[in-house]
Amino acid sequence: MSATTVTAPRLSAVLPPFLQYAQAELQFSAQSLIKYEDCARQIRRIAGDRPVDSYTKEDVLSLKAVLLSRQLSVSRQVSILSAFKRIL
């Protein structure tokens, strides 16, 4: 009997269904959906577009370090980190 490996979907694959859910169930505005898409784009650029179960605490700390090094406002940093948490 062979073992079947199931790979978690990548961040880019879970974003569209999340945005549909956010629009339909959470009543997110069009502007909020655009902001979430932008946050996800930033996350993919910095941390990579990987299977969602592969991100670690170290990845989150690295993401935060990069955001700090780019001198983004605290509000923007929180937005990106919150979006990451919510999408996952």
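**Exercise 1. Helices α3 and α4**

The crossing of α3 and α4 is right-handed in this predicted model. Task: determine which residues make the contact between α3 and α4, and how the two helices are oriented.

Solution.
- Step 1. Two packed helices are described by the angle between their axes and the distance between the axes.
- Step 2. For α3 and α4, the axes come within 10 Å and cross at roughly 155°.
- Step 3. Angles over 145 degrees count as roughly antiparallel. The crossing angle therefore makes α3 roughly antiparallel to α4.
- Step 4. On the α3 side, the contact is made by V60, L63, K64, L67 and L68. On the α4 side, Q77, I80, L81 and F84 take part.

**Exercise 2. The ring pair of F18 and Y36**

Task: classify the aromatic pair of F18 and Y36 and state where its two members lie.

Solution.
- Step 1. The whole structure holds three aromatic pairs.
- Step 2. In the pair of F18 and Y36, the centres are 5.5 Å apart and the planes stand at 40°, and the pair is tilted.
- Step 3. F18 belongs to helix α1 and Y36 to helix α2, 18 residues apart, and the pair links distant parts of the chain.
- Step 4. Both F18 and Y36 are buried.
- Step 5. Ring pairs also bring in F28, giving a cluster of F18, F28 and Y36.
- Step 6. Not counting residues up to four places away in sequence, F18 touches Y36, R86 and I87.

**Exercise 3. The ring pair of Y55 and F84**

Task: decide which kind of pair Y55 and F84 form, and whether each residue is buried or exposed.

Solution.
- Step 1. The ring centres of Y55 and F84 are 5.1 Å apart, with the planes at 85°.
- Step 2. Planes over 60 degrees apart count as edge-to-face, so the pair of Y55 and F84 is edge-to-face.
- Step 3. Y55 sits in the loop between α2 and α3, and F84 in helix α4, 29 residues apart.
- Step 4. Buried means under 20% relative accessible area. Y55, at 11% relative accessibility, therefore counts as buried. F84 is buried too, with a relative accessible area of 3%.

**Exercise 4. The core and Q42**

Task: name the residues that touch the most other members of the largest nonpolar core, then describe the setting of Q42.

Solution.
- Step 1. The core has 20 residues, and those touching the most other members are L11, L15, F18, L19, Y36, I43 and I87.
- Step 2. Two or more core residues come from each of α1, α2, α3 and α4.
- Step 3. Q42 lies in helix α2, which spans residues 30–47.
- Step 4. Q42 counts as buried because its relative accessibility is 15%.
- Step 5. Leaving aside neighbours within four places in sequence, Q42 is in contact with R70, R76 and I80.

Note on methods: Residues numbered from 1 in each chain as written. Predicted model: local features only at pLDDT ≥ 70, side-chain atom pairs only at ≥ 80, totals over all residues. Heavy atoms only, no water. Helix = DSSP H or I, 4+ residues; strand = E, 2+ residues; numbered from the N terminus. Buried < 20%, exposed > 50% of the residue type's maximum accessible area, 1.4 Å probe, protein only. Contact = heavy atoms within 4.5 Å. Core = buried A, V, L, I, M, F, W, Y, C linked by side-chain atoms within 4.5 Å. Phe/Tyr/Trp six-rings, centres within 6.5 Å; stacked < 30°, edge-to-face > 60°. Axes fitted to C-alpha atoms, helices over the stretch in contact; angles between N-to-C directions. Parallel < 35°, antiparallel > 145°, perpendicular 65-115°, else oblique. Left-handed = near helix turned anticlockwise from the far one by under 90°.
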